[in-house]
Amino acid sequence: MDTSRVGMVGGDARSLMLYEANKKSMGVAYLLWFFLGGMGGHRFYCGRTGSAVAQLMLTVFGLILAAVGVGLVLLVGVGLWVLVDAFLIPGWIAGHNNLLAHQLGA
């Protein structure tokens, strides 16, 4: 018996374990969208950090400027942006998971 291979995981099993550990979940993305959508939580999770920071900043400035009235325009804009994101999330998750599977399979 070859003892050098005892305890080692095969290449396919290792790739599958890495995929399962690193794939994104649609359910988690939608929970973040629902509860933290205006703050870009779903975008941070999906790896869209730049636009997530932009959403967060617009929300914060909108809340600060809401007393003046200008902030309401920002908050409506962020609200529409978050609503559109609800339709984009499945593509982001599928794209990330497909890319991950391709990278691990190569």
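**Exercise 1.** Starting from Lys23, classify its exposure and that of its salt-bridge partner, Glu20.

*Solution.* At 37% relative accessibility, Lys23 counts as partly exposed, a class lying between buried (under 20% relative accessible area) and exposed (over 50%), with a 1.4 Å probe and protein chains only. Glu20, at a relative accessible area of 45%, is likewise partly exposed. The two side chains meet at 3.2 Å, N to O, where a salt bridge requires a side-chain nitrogen of Lys or Arg within 4 Å of a carboxyl oxygen of Asp or Glu.

The model is predicted, so that local features need pLDDT of at least 70 and side-chain atom pairs count only at pLDDT 80 or more, while totals for chains, interfaces and linings use all residues. Residues are numbered from 1 along each chain as its sequence is written, and side-chain values use heavy atoms, with hydrogens and water left out.

**Exercise 2.** Describe the salt bridge between Arg43 and Asp85 and where its two residues lie.

*Solution.* The structure holds two salt bridges, and in this one the side chains of Arg43 and Asp85 come to 2.8 Å, N to O. The pair links distant parts of the chain, 42 residues apart, with Arg43 in helix α3 (residues 41-45) and Asp85 in helix α5 (residues 70-105); helices here are DSSP runs of H or I with at least four residues, numbered from the N terminus. Both Arg43 and Asp85 are buried.

**Exercise 3.** List the contacts of Trp92 beyond its neighbours within four places in sequence.

*Solution.* With contact taken as heavy atoms within 4.5 Å, Trp92 touches His42, Arg43, Cys46, Arg48 and Asp85.

Technical notes: Helix = DSSP H or I, 4+ residues; strand = E, 2+ residues; numbered from the N terminus.
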